[in-house]
Each structure stands twice: as structure tokens, then as C-alpha cells.
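Visitor: I've got a model open and some labels I'd like to question. Can you walk me through them?

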Amino acid sequence: MNNPLALLIVISATVALTVTTPAAGNTENAEGKVDAAMADTAAGEKLYRKSCRACHGRTGKGLSSYPKLLGQSVEYLVDRLERYRKGEKFGPNTPLMAPNAKKLSDEDIVNLSVFIASFE
Ligand code: HEC
């Protein structure tokens, strides 16, 4: 999508779909679903550049054993990051990824996931 207006429409539509009654400091809505409207994507971008980009690439395209994040949904990304943080093992390279998830707060995870899901 190269048209910034089209992107804006998609973002507004996504935000409109997820807007609920926000509780202060809470990035999940009443159903426990991630509320993209509550995310601070600028903070997500900053953190991604600092802690994730070296392995997953500038636009999440991945490289060899570093998986592609491009195209994953916010829900999927949040779920994976929470589970890596908990110490769950996925692929053979979990030890490379797990330390990066350990230091993330719930808020960091939502901010990062909403930012990553905007890659195209
Ligand atoms: C040292 C390199 C490295 C860094 C830094 C890193 N990752 Fe990863 N990441 C990996 C590897 C390797 C895997 C696959 C691990 C496995 O085999 O389970 C992975 C997996 C993931 C997955 C799961 C992908 C999938 O398809 O299920 C997500 C999401 C993810 N990383 C997000 C992040 C985020 C967000 C950051 C920054 C906070 C980050 N990673 C930092 C190497 C890294």
C-alpha cells in the first residue's frame, strides 16, 4: 500500500473497530482483547529500533533463522511475546529470542505489536 490516504483509512477503520471504554493505564479492553487504539506506536517504534530491528529487520522481513514478523496480527504478536516472556519454548532458536522478551512490560508488548503489525 503506497497510498498514505489508504493507509490512514485502514488505520482509522482498525482503531474504530477496537475502540471501547478505555481504563487508564490498561491496554486491553474488557474482553481482554488488545486495544490498538490504546497503543503508543511511537514508543513501539523506538523500542523496536533499539531492541528488535537488528535481528528481525527494519520492516520485519526477518533473515535466515530470524523469523519474519511482517504480516502477523497484533493478537498473534502479543501472544508470542507474552509466552516468550513467560519462558515458553517454541522453535530451536528460542534462547536467542527469549531474553529480548523477558524485559518487556505489558505496555511494551502492546506498543511493539501494534507497531510491527503496521509493517507492509
Ligand atoms: C538476537 C536476535 C533477536 C532479537 C534482538 C529479537 N528477536 Fe525475536 N526472534 C528471534 C529468533 C531467533 C526467533 C525464533 C525463536 C524460536 O525459534 O522460537 C524470534 C521470534 C520472535 C517472534 C515469534 C515469531 C513467530 O513467527 O512466531 C516474535 C513475535 C519476535 N521474535 C519479536 C521480537 C521483538 C518484538 C523483539 C524486540 C523486543 C525481538 N523479537 C528481538 C531473534 C531475535
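Guide: Sure, here is where the labels come from.

Guide: This is a predicted model, where local features need pLDDT of at least 70, side-chain atom pairs count only at pLDDT 80 or more, and totals for chains, interfaces and linings use all residues. Residues are numbered from 1 along each chain as its sequence is written.

Visitor: What is the average pLDDT of the protein chain?

Guide: The chain averages 84, and 73% of the residues score at least 70; pLDDT is the predictor's confidence in each residue, from 0 to 100. Over residues 15-24 the pLDDT is below 50, though this stretch has eleven contacts in the model beyond near neighbours in sequence. Two residues are in contact if their C-beta atoms, placed from the backbone, lie within 7 Å.

Visitor: Why is Ala 39 called buried?

Guide: Buried means 20 or more other C-beta atoms within 10 Å of the residue's own, exposed means 12 or fewer, and partly exposed is in between, with C-beta atoms placed from the backbone. Ala 39 has 24 within 10 Å, so Ala 39 is buried. Its place is in the loop between helix H1 (4-18) and helix H2 (41-51); helices are DSSP runs of H or I, at least four residues, and strands are runs of E, at least two, numbered from the N terminus. The C-alpha atoms of Ala 39 and Ile 109 are 9.5 Å apart, with their positions 70 residues apart along the chain.

Visitor: And why is Thr 59 called partly exposed?

Guide: Thr 59 has 14 other C-beta atoms within 10 Å, which puts it in between the two limits, so partly exposed is the label. Thr 59 sits in the loop between H3 and H4, and leaving aside neighbours within four places in sequence, it is in contact with Leu 70 and Phe 119.

Visitor: What makes up the largest nonpolar core?

Guide: A nonpolar core is a set of buried Ala, Val, Leu, Ile, Met, Phe, Trp, Tyr and Cys residues joined through C-beta atoms within 7 Å. The largest has 20 residues, and Val 114 is among those with the most contacts inside it. H4, H5 and helix H6 (106-116) each supply at least two residues of this core, and H6 gives the largest share, six. Not counting residues up to four places away in sequence, Val 114 touches Ala 36, Ala 39, Thr 41, Gly 44 and Val 74.

Visitor: Which helix supplies the largest share of the shell around the ligand?

Guide: H5 does, with four residues.
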